[in-house]
Amino acid sequence: MGGFEVRAIRPDERTAVDALHEREWGGPYVVAHDTRHDLRTLPTLVAVDGAGAVAGALTYHADEDGLEVVSLVAAVPGGGGGTALLTAATATAVAMGLTRVWLITSNDNLRALRFYQRRGMRLVGVDRGAIDRARLLKPEIPLVGDDGIPLHDELILEWRPDAGR
């Protein structure tokens, strides 16, 4: 795993980040907890490798409930960019005085569940049928996801500083 500079996105990096979102979600829109998000309008952190290439991106929304990671994508999974971004998001939340970092993932995303739990996040809830409802806002969401698992539910994970990391 290489070292990354993690910082706010610069205008000249938008095309690279948009390409990552296109690859992962079919475009700039994701639906989470019954809300359609335009990733281009959210605060965005990028992980940049030593050559200056965008190695990953994380978008978030912060309010009194904490910092919600809306999307996290690495150019090369397993290369360390996602970890660097999640660490930076946690530091951002702490600097803002927030006591919770949270996100959702789909019930089929076993790789993400492993990733987040290994980094101190805890599974705190299931929104049964959330992805079925999300298809009303984004009909291209498939019926079946990774490993042939039917897509129906959102899993809610969170990190709190008092829970350890």
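## Helices on the sheet

In this predicted model, helix α1, formed by residues 14-25, lies across strands β4 (44-48), β5 (54-63) and β6, and runs at about 85 degrees to β6. Helix α2, which spans residues 81-95, also packs on the sheet, where it touches β1, β4, β5, β6, β7 and β9 (154-159), and its direction makes about 165 degrees with that of β6.

## Strand order and pairing

The sheet against which α2 packs is open and has 7 strands, arranged in the order β1-β4-β5-β6-β7-β9-β8 with mixed pairing. Its edges are formed by β1 (5-8) and β8 (122-127), each of which pairs on one side only, and from one strand to the next the twist averages 30 degrees.

Within this order, β6 (residues 66-74) and β7 (residues 101-106) run parallel and are joined by 3 bridges; Leu 67 stands opposite Val 101 in β7.

## The largest pocket

The largest pocket holds about 1400 Å³ of space and is lined by 47 residues, of which Glu 24, Trp 25, Thr 105, Asn 109 and Ala 112 lie nearest its centre. At least two lining residues come from each of α1, β2 (29-32), β6, α2, β7, α3 (110-118) and α4 (130-134). By residue class, the lining divides into 23 nonpolar, 11 polar and 13 charged residues.

## Annotated span

An unreviewed UniProt entry carries the annotation "domain: N-acetyltransferase" for residues 4-142. In the model, the end C-alpha atoms of residues 4-142 lie 33 Å apart, and the span is 29% helix and 35% strand.

Key: Residues numbered from 1 in each chain as written. Predicted model: local features only at pLDDT ≥ 70, side-chain atom pairs only at ≥ 80, totals over all residues. Heavy atoms only, no water. Pairing = 2+ DSSP bridges. Helix = DSSP H or I, 4+ residues; strand = E, 2+ residues; numbered from the N terminus. Axes fitted to C-alpha atoms, helices over the stretch in contact; angles between N-to-C directions. Contact = heavy atoms within 4.5 Å. UniProt positions renumbered as here; feature names shortened; annotations may be inferred. 1 Å grid on protein atoms, 1.4 Å probe; cavity = no way out; pocket = protein on both sides within 12 Å on 5 of 7 lines; lining within 4 Å. Points joined across faces, edges and corners; volume = space filled by probe spheres on them. Nonpolar A, V, L, I, M, F, W, Y, C, P; charged D, E, K, R; others polar.
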